[in-house]
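Biologist: I am new to this structure and would love a close look at one part of it. Could you pick a single residue to start from and then show me what lies around it?

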Amino acid sequence: MPKSATDIRHFIIAGVLVAIATVLMDLLLKALLPMPVQGSRQAQIIDQLTSWHLTLIAFLFSLVVVIMLYSLFVFRKSADDESEGAHFEGNTTLEIAWTVIPLIVVFVFGFFGIRALSDVTRAAPDEIAVNVTGFQWSWLFEYPDSGIVSSELVLPVDRPARMDMTARDVIHSFWIPEMRVKQDLVPGMTTTLRFTPVVTGEYSVDCAELCGLSHYSMVAPVRIVEQAEYEQWLAERSASAAPALANTDAGAETDAQSN
Amino acid sequence: MNNSARTKAYGRSAMIALTLAVLTIIEFYVAISLDSAIFLMLIALFKAVIVVQAYMHVSRLWSPEGEH
Amino acid sequence: MTLWSLGLVRGVVGQIVGFAAGMLLVIVSRLLFGLDPVWNEEPALVGGIIIGSIGFLIGVGALTDWFQWMRGIETPLHHGPPHGRPAWTRYFGVDYNHKVIGIQYGVTGIIMLGIGGMFAVVFRTELAASGFQFLDPANYNTYLSMHGWAALVAILLGIGGMANYLVPLMIGAEDMAFPRLNAFAYWINVPGLFTLLMSLGYGWDGGWTVYPPLSVLGPVGYQFTFWAVFLVGLSSILGSLNLIVTILRMRPPGMSLFRMPIFVWAVFATSLIQLTATQFIGQAFLMLSFERLLGMGFFDPNKGGAPILFQHLFWFYSHPAVYIFVLPGLGIISEILPVFARKPLFGYRWIALSSIAIALVGFLVWGHHMFTSGYGEYLRVPFMISTLLVAVPTGVKFFSWLGTMWGGKLSFPTPMLFVLGAISVFLIGGLSGPILATTATDLFLHDTYFVVGHFHATIFGGFVFPFFAAIYFWYPKITGRMYDETLGKIHFWLMTPAFWVMSIGQMSVGVMGMRRRIADYDPALGVEFGHLLVTIAGFTIAFSVLLMIYNLLHSAETGRVAGNNPWRSRSPEWQIPSPVPEHSYASPITVVGEPYDYGIPNSTYVRMAPLTAADD
């Protein structure tokens, strides 16, 4: 093992180890952090960005940990050595490098972040609008075009949807993990969330803002179905008399559920 | 600062605290009955000036070191 | 020596009497003003909380000197243990010596860490499996909320302990600039934490963030929390004022700002934040209290208010607050590494200025807590960019630490192990930051357990691990004895891998769909195994901390005598006897060299006597 701290061989060995570790860490991170099914167009965009972030994390983690472990082993003091280490106070070139390069990385990831945000929040001309009301501790979905009120959210696959949301009492938050994006529901204002489901199936919308006693169980069923089935559902629901909204107490089910 | 000057200074501080409390109560009633933002700003400004001078002794920033 | 002679006992009695008096005051006022009903629990309790806290401060004696001054009576500063009572009693009352106050802060901090940790252990046990085992949704929410604030109070106290004990010693100062204010700033925490614990009697369910309208509609336990935080915040402001003045005005000859020990820079940057940001949470909580008590509709849309306003006010403090939590610990890492690498701190000036940079940029990022809040869309991108920028000065610190280690002569006693553990854990926390800073990915991760993993790693890496490193490192200086090295190593090797498992476990279940602050979860998420691992890790960490407490207590009696400088550090406090005498420095010191000039033969940092003309 070369003794001098600035011997090029140290940096070569450490560099190779960092490269290997990066690849391994990237695989490990992706195995440890499995994302749910990509249920929406938004999910595809967000997962791609997440993947780049994880690779960056794998690299930075490896860089720091490998160099640290390398130092701990190679530059360990021997048992009875009471002498001091090499006297380096600093290195201005290094300092500038490790300030400027991260700055560049920040702006690169910032750029991709801005683009992804714009992609996932973009409005579409033929959005299906649903009015969502959150209250302690359940959800109500109103389809303004058909006058339907439902306690389950049904949407057609491959069509952009827009949730216009408000809360009745405290702050809640609308989140379907497979769709990825979430948005708070705030009393006294209307907030908006857009997503385009791309996989049919059954999901659930979970409240993602602590809202009191039954926050944990403030969930509602979500069904993403083919266009034809969606239209059939709309027709069926419009046909049956939509009962007036009962004055909902905390935790009480509405009877709009009965079909 | 000798002791009697000190006692007087504390007395002044207490009076100013009382004044601030009274002004706050006035603010409350002005807010409820008059609903005038300008008036409230003026009262708040006045309170701020009192605090900054009488408690934070801001004018000492311009007096030479060691003096009052 | 009687129980009554202990300030703490008199303080508690003062708080009880004051509480009753406060309630009486409210009842009588309601009677006089014709308010109906005369007995209304909430205003009466708030009156009790406020007057009770003042009663505590009067009882413990934190206001006595100032009351004397108002009557024109002189009060010379008393040095040394109290007359006619055992020396240990000084820790239970008002004492003006910064070293005593530092210990008071530190021990109270460790106790609060235990209490906060206990709440976590309780609800982690519940979460290990799905379904309700022994908690119900109401007390689950209360315990998780209490865990939050109890732990944060513990951090503020621990930071106060490190800063108060070490800063005057590191700058060769006799004491802090304002010793009475220092004692007051410690003691105001005690009625604060009693008040916080009292909230358990009533419960509150909003998490530490207590967003309205939930916190306005919820039980009266919230009021206890609002006022407890107000008191603890006041301590923060007064303590930081003291530290800033001390650092700027009480350094010895030759100690320019860039010749201070690096920890002092870290404390300085932290104090700048504490002094200027804390007011916002005090204000926000006062507004919540008044909205509840007086019907003022600050955050009530029915009265023209806005719930999001609270979030802005709250996070404007609470984001800088997390830099308060980590900057001192990062300073501890920078302080201890050179000693065990026997090498200079790499890029001292850059590290010093990076703390200031983090403090300043930290004020510009609060909106990243609110990406999903419903605030104006145009705010998202600026907050994303500003948040990503904080990574740059933080990176400077990491790389500088690597530069300090590289080429050194490294040894690994327990303090160094905890410093290395701190770096590894803070790395995990820090690296999970940018993905949260990026709005698009945060829309997925916000309010999931991924965030819980992120902030526990940053807080443990930035505070808890360095705090433990500091305790082990300065233990010989404080007590004159060495702690047990074997137990210390066991503590480290239990706690650190457990913490890695806990962090990965939390982030993993979060990504799989586990939301924050939920009393129970759907087994179909597939997170049950992850939760079991996290709970086991939590238990392991708790056990390892108990080992540390045992070690510290036992070694005070039986530890090997340490001598002045077991670590061969260059810092001033290691050139004086252990334990440190009442008057730390027998004579004023002079700084004649750089703090971290390891590796230069015969270089001196501090001369233990003033320079005379003959020395030139």
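Modeller: Here is a walk that begins at one phenylalanine of chain C and then moves outward to the core and the chains. Please keep in mind that this is a predicted model.

Let us start with F299(C), which sits in the loop that links α10 (262–294) to α11 (307–341) of chain C. Is F299(C) buried or exposed? F299(C) counts as buried because 25 C-beta neighbours lie inside 10 Å, and the cut-off for that label is 20 or more. Setting aside residues up to four places away in sequence, F299(C) touches P212(C), P213(C), V216(C), E291(C), G305(C), A306(C), P307(C), L309(C) and F310(C). For a sense of distance, take L388(C), which is 89 residues from F299(C) along the chain; the C-alpha atoms of the two are separated by 30 Å.

From there we can turn to the nonpolar core. The largest one has 267 residues, and V153(C), W187(C), V264(C), I336(C), V419(C) and A469(C) are those with the most contacts inside it. The helix that gives the most to this core is α5 of chain C, residues 137–170, with 21 residues. As a general background, nonpolar side chains tend to be buried together in soluble globular proteins. One of the well-connected core residues, W187(C), is in contact with L57(C), V60(C), A62(C) and V94(C), once its neighbours within four places in sequence are left aside.

Now for how the chains meet. Two pairs of chains touch, and the pair with the most contacts is A and C. Chains A and B, by contrast, have no contact joining them, and their closest C-alpha atoms lie 22 Å apart.

Chain A is worth a visit of its own. Its domain assignment gives domain 1 (8–75 + 92–121) and domain 2 (128–243 + 250–257). The C-alpha centres of these two domains of chain A are 37 Å apart, and ten residues of domain 1 are in contact with 13 residues of domain 2. On the domain 1 side of that contact, α2 (41–74) and α3 (92–121) of chain A each supply at least two residues. Helix α2(A) gives the most there, with four residues. By class, the residues on this side of domain 1 of chain A are five nonpolar, four polar and one charged.

Notes. Residues numbered from 1 in each chain as written. Chains lettered and ligands numbered in written order. Predicted model: local features only at pLDDT ≥ 70, side-chain atom pairs only at ≥ 80, totals over all residues. Domains from an automatic or database assignment. Contact = placed C-beta atoms within 7 Å. Nonpolar A, V, L, I, M, F, W, Y, C, P; charged D, E, K, R; others polar. Buried ≥ 20, exposed ≤ 12 C-beta atoms within 10 Å, placed from the backbone. Core = buried A, V, L, I, M, F, W, Y, C linked by C-beta atoms within 7 Å.
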